[in-house]
Amino acid sequence: MNRLVIEGGTPISGEICVQGAKNAVLPILAATVLAESECVIKNCPRLRDVDKTDLVLEGLGCCVRRDGNTVTVNPTGLCGCSISEDLMREMRSSIIFLGAIVSRCSKAVVSMPGGCPIGQRPIDLHLKALRELGVEIVEEHGYIYCTAPEIRGADIHLDFPSVEVTENIMLAAVRGNGTTTIINAAREPEIVDLGKFLNAMGARISGAGGSVIRIDGVEHLHGTEFTIMPDRIVAATYLAASAITGGEMCLKSVRPRDMSAMLKVLRDMGIELKVGNGEIIQRVSGPLRNIHIVRTMPYPGFPTDIQSPFMALASLARGTSVFVETIFENRFQHVDELVRMGADIKVEGRSAVVRGVERLQGANVVARELRGGAALVVAALAAEGITVITGTEYIDRGYENIEKYLLACNAKIAREP
Ligand code: EPZ
């Protein structure tokens, strides 16, 4: 268990080439089990969640090789159809393997993934959708047993535009018999990346990125080479880190059009942003203004994943900001830790009321989940004095080598055992 030690007060300025997107690479790695030959995934970030996904692939009998930010998966040796309970509990997003394994093996056995720090994370919509595709599912003794002699195309209307449910349906239906239509599909850019990857493998998917996705089943999918999209949440986190310290930041290899809801909030706070082709240049020319009210919503709304880093930013803005978390029921665990650093935040149910303060003070704080941990890093960079953040294993799930990127932008940060 190691920790990050940060001395705040230095403007975070410089240029960052943003890592590949965690939430794109995870379903794309799951999709490789559907290929009948080797897949080469480029711009793959070095993250704990990716390492765990590699273990799932190897547990299924795939051969996984990593060379820097390139991962090569050879699925031809695939011989398993189950995922260990440990891995399912450690990384609940392994549930997106279910559709791919059932499609490839006509059966699958996984343990219930369980919740995580930010909420109960039920999988009822996953199972309901797979049943509509003809998958027979028995849930007993904490395990999920799936059998599907054939996957039948269906029209599936989602009660909620769930990202991973949309992905699971795409992965299950892509080699199914007939056409599947997902209505009320999630519209996140990571869904578009998965659709592009599957089509590069020979799939016939249209409409990804919209609310209706059509999947015409095909018999065979071949390997391909693919470059993962940039991580929009990591990009916005570094913008917050620079803005809270009054720095100037240039982000490279980003897609501003994926970030419009987040960039709007930054502009509303008085932050200057110049958006170019694949880059964003940010500077702070005056005191930060409050965000009157912001609600987390499915894409293209304000992303739940950036709620906590932007709350850290708002804690030093002038005036009162209100954050309403509509997606997850327990995504305010960073609040107590920010209050320890001098923030003035009151949680009322799904809302957090943030009254801007003059300064934050360094303190010993604990990261309890991925994005809440990133929020503590953002706050620590602006706080007076030293902050020690434990629980960095959560941060490392989604941020590649965070101290390396921040050190290159003048941060006083070190990772200690
Ligand atoms: C994905 O999670 C992301 N994870 C999350 O990112 C992200 O916060 C979330 O989408 C929302 O954008 C990955 O892509 C690996 P959801 P997902 O299903 O798909 C309810 C991060 O920090 N629900 O779109 O699990 C659930 O209770 C992570 O990178 C059901 O009720 O989120 C919650 O209210 C965190 N039944 C909501 O949907 C189900 O069967 C979650 O939205 C499934 C979900």
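Ala-414 is partly exposed in this predicted model, because its relative accessible area of 33% falls between the 20% that marks the upper limit for buried residues and the 50% above which a residue counts as exposed. The residue sits in strand S24, which runs over residues 412–416. Its partners come from the other end of the numbering: leaving aside neighbours within four places in sequence, Ala-414 is in contact with Arg-3, Leu-4 and Val-5. Ile-6 offers a similar picture, as its C-alpha lies 6.6 Å from that of Ala-414 although 408 residues separate the two in sequence.

Helix H1 makes a good next stop. Nine of its 10 residues are buried, so the helix is largely enclosed by the rest of the structure. The buried residues of H1 are Lys-22, Ala-24, Val-25, Leu-26, Pro-27, Ile-28, Leu-29, Ala-30 and Ala-31.

In soluble globular proteins, nonpolar side chains tend to be buried together. Here, the largest nonpolar core holds 76 residues, and those touching the most other members are Val-33, Leu-34, Ile-41, Phe-97, Leu-133, Met-170 and Leu-198. H1 supplies the largest share of this core, with seven residues. Met-170 gives a closer view of the packing: not counting residues up to four places away in sequence, Met-170 touches Ile-182, Ile-191, Leu-194, Gly-195, Leu-198, Ile-205, Ile-213 and Ile-215. There is also a second, separate core of 73 residues, which includes Ile-291, Ala-317, Phe-332 and Ala-380.

Attention can now turn to the ligand. It is surrounded by 23 residues, the closest being Asp-124, Ser-162, Val-163, Asp-305 and Ile-327. By character, the residues of this shell divide into 10 nonpolar, eight charged and five polar. Oxygen atoms of the ligand take part in several polar pairings. A backbone N or O atom of Ile-327 is 2.6 Å from a ligand oxygen. The side chain of Arg-121 places an N or O atom 3.0 Å from an oxygen of the ligand, and a polar side-chain atom of Arg-331 lies 3.2 Å from a ligand oxygen. Taken alone, the ligand exposes 820 Å², of which the protein buries 88%. The elements that give two or more residues to the surrounding shell are helices H1 (22–31), H5 (124–132), H6 (163–173) and H12 (370–382). Helix H1 thus appears in two settings, as a contributor to the ligand shell and as the source of the largest share of the largest nonpolar core.

Key. Residues numbered from 1 in each chain as written. Predicted model: local features only at pLDDT ≥ 70, side-chain atom pairs only at ≥ 80, totals over all residues. Heavy atoms only, no water. Near = heavy atom within 4 Å. Polar contact = N/O pair within 3.5 Å; in protein donor to acceptor, adjacent residues only side chain to side chain. Areas by Shrake-Rupley, 256 points an atom, 1.4 Å probe, with all protein chains shown as cover. Helix = DSSP H or I, 4+ residues; strand = E, 2+ residues; numbered from the N terminus. Nonpolar A, V, L, I, M, F, W, Y, C, P; charged D, E, K, R; others polar. Buried < 20%, exposed > 50% of the residue type's maximum accessible area, 1.4 Å probe, protein only. Contact = heavy atoms within 4.5 Å. Core = buried A, V, L, I, M, F, W, Y, C linked by side-chain atoms within 4.5 Å.
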